[in-house]
Amino acid sequence: MEHYMIIRRSQGPATRPAPRYNLPRSGVPDSLLVIAAMIAMHLGSVMAKQLFSVASPATVAGFRIVLAGALAMLLWRPALQVESKALVPIAGLGVALTGMNLCFYAALERISLGMAVTIDCLGPLALALIASRRWLDALWVALAGGGVLMLVDSEGPVSWSGVLFAAASGAGWAAYIVCSAAVGRHTAGNDGLALAMGFSALLALPVVLDNDAALLANPIFLAGAAVLAMLSSLVPHAIELEALRRITPAVFGVMMSLEPAIAAAIGLLLLGEEMRAAQWLGIGLVVVASAGAARGLAAAKE
């Protein structure tokens with residue numbers, strides 16, 4: 001699962017700015033832009049689940065990572081010369097992107113989309129709570145913990161390996177946020193992000209070749225993987241980039257707290273992944289905890 005946070009322009013030595021691919025200005029409300037990005041991302045997750053009938057989750061994730069990295073390098077054409085201080089954060093960002101996507105797709109094979117995304121969101125939530133350190137944080141921790149307990153308390157058996165993969169993906173998402181902040185201090189435009197995605201593609205390439213290299217000759221699968229890369233990577237990033245030109249990161253974070261509910265709704269409508277009322281309530285608690293933590297972090301920085 002990829003959430004490309006916007007990397008701020010470096011104040012250090014200048015590098016060639018990456019080309020900008022902006023969405024046209026329109027009267028579309030910012031909230032709808034962010035929701036559109038989340039819908040695109042999880043429509044990609046639905047497609048990924050369909051591709052699991054053709055290839056393993058590791059193979060599907062690997063192809064998506066490789067194609068997204070190649071497209072990012074072609075579209076943004078990053079400068080290959082960067083500050084030496086940026087090399088380790090870029091490498092860390094590439095590792096985080098690879099790890100969180102491989103783990104997220106492994107979770108998708110075992111548990112529902114709504115459950116996977118909700119548990120995945122605990123990584124950024126924990127990071128926000130650590131950064132905020134207010135007494136009210138205890139409430140958000142309790143709400144999120146209670147929400148997850150209600151979510152996994154289903155009538156049937158729960159795949160705990162799926163829960164662990166989703167938690168590992170959340171840890172990778174938190175690592176991505178930390179690394180992206182470091183990359184932003186030493187790179188310009190989208191250069192750092194594109195280089196990290198390119199490095200992530202190199203890391204994922206052995207997974208693709210080792211699991212099912214024969215799919216490289218399957219045009220239907222390659223077309224599906226390319227659409228997946230666009231839906232789950234490049235399109236959401238372009239939409240979020242446009243939204244973040246109009247709103248503050250804090251407001252954006254509150255909007256993104258809706259993601260578990262949107263993912264669960266898409267899973268219900270398109271995959272038939274039904275949940276009990278208690279599980280929907282659990283998702284609601286995590287959404288409230290995420291929104292509260294984001295608002296608290298914004299208030300602490302004012």
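The protein chain exposes about 13,200 Å² of surface, and carbon and sulfur atoms supply 69% of that area. Keep in mind that you're looking at a predicted model. On the inside of the ledger, buried residues make up 52% of the 302 residues in the chain.

What is the chain built from? Its secondary structure comes to twelve helices and zero strands, so reading from the N terminus on, the elements run α-α-α-α-α-α-α-α-α-α-α-α. Contacts reach a long way along the sequence, too: take those with a separation of 6 or more, and 90% of them are between residues 24 or more positions apart.

A nice place to zoom in is the aromatic side chains. The count of aromatic pairs comes to three. One of them joins Phe-52 and Tyr-105, whose ring centres are 6.1 Å apart with the planes at 70°. Ring planes over 60 degrees apart count as edge-to-face, so that's the label this pair gets. Now look at where the two partners sit. Phe-52 belongs to the loop between helix 1 (30–51) and helix 2 (57–76), while Tyr-105 is part of helix 3 (residues 84–110), so the pair ties together parts that are 53 residues apart in sequence. Are these two buried or exposed? Phe-52 has 16% relative accessibility and counts as buried, because the cut-off for buried is under 20%. Tyr-105 is buried as well, with a relative accessible area of 0%.

Tyr-105 has another aromatic partner in Phe-104. Here the centre-to-centre distance is 6.2 Å and the planes make an angle of 50°, which makes the pair tilted. Phe-104 is buried too, at a relative accessible area of 1%. Put the pieces together and Phe-52, Phe-104 and Tyr-105 form one aromatic cluster.

Phe-104 also takes you on to the next bit of the fold, the packing of helix 3 against helix 4 (residues 113–120). The axes of these two helices come within 8 Å and cross at roughly 145°, and the crossing is right-handed. Which residues do the meeting? From helix 3 it's Phe-104, Ala-107 and Leu-108, and from helix 4 it's Leu-113, Ala-116, Val-117 and Asp-120.

Just step back to the loop between helix 2 and helix 3, and you'll find Arg-77. Its backbone is worth a look: most residues other than glycine have a negative phi. Arg-77 isn't a glycine, yet it has a positive phi of about 40°. With a relative accessible area of 45%, Arg-77 is partly exposed.

Further along the chain, helix 7 holds Ala-175, which counts as partly exposed at 33% relative accessibility. If you put a ruler between the C-alpha atoms of Ala-175 and Leu-97, you get 8.9 Å, although the two residues are 78 apart along the chain.

Last stop: the loop between helix 7 (160–184) and helix 8 (191–212), where Thr-187 is found. At 2% relative accessibility, Thr-187 counts as buried. Where does its side chain reach? It goes to the backbone oxygen of Val-183, at 2.9 Å.

Conventions:
Residues are numbered from 1 along each chain as its sequence is written. This is a predicted model: local features need pLDDT of at least 70, side-chain atom pairs count only at pLDDT 80 or more; totals for chains, interfaces and linings use all residues. Side-chain values use heavy atoms; hydrogens and water are left out. Rings of Phe, Tyr and Trp (its six-membered ring) pair if their centres lie within 6.5 Å; planes under 30 degrees apart count as stacked, over 60 as edge-to-face and the rest as tilted. Helices (H or I, at least four residues) and strands (E, at least two) are DSSP runs, numbered from the N terminus. Buried means under 20% relative accessible area, exposed over 50%, partly exposed in between (1.4 Å probe, protein chains only). A polar contact is a pair of N or O atoms within 3.5 Å; within protein, one must be able to donate a hydrogen and the other to accept it, and residues adjacent in sequence count only if both atoms are side-chain atoms. Contact means heavy atoms within 4.5 Å. Accessible areas come from the Shrake-Rupley method with a 1.4 Å probe; for residues, only the protein chains shown count as cover. Axes are lines fitted to C-alpha atoms, for helices over the stretch in contact, and angles run from 0 to 180 degrees between N-to-C directions. A crossing is left-handed if the near helix is turned anticlockwise from the far one by less than a right angle, and right-handed if clockwise.
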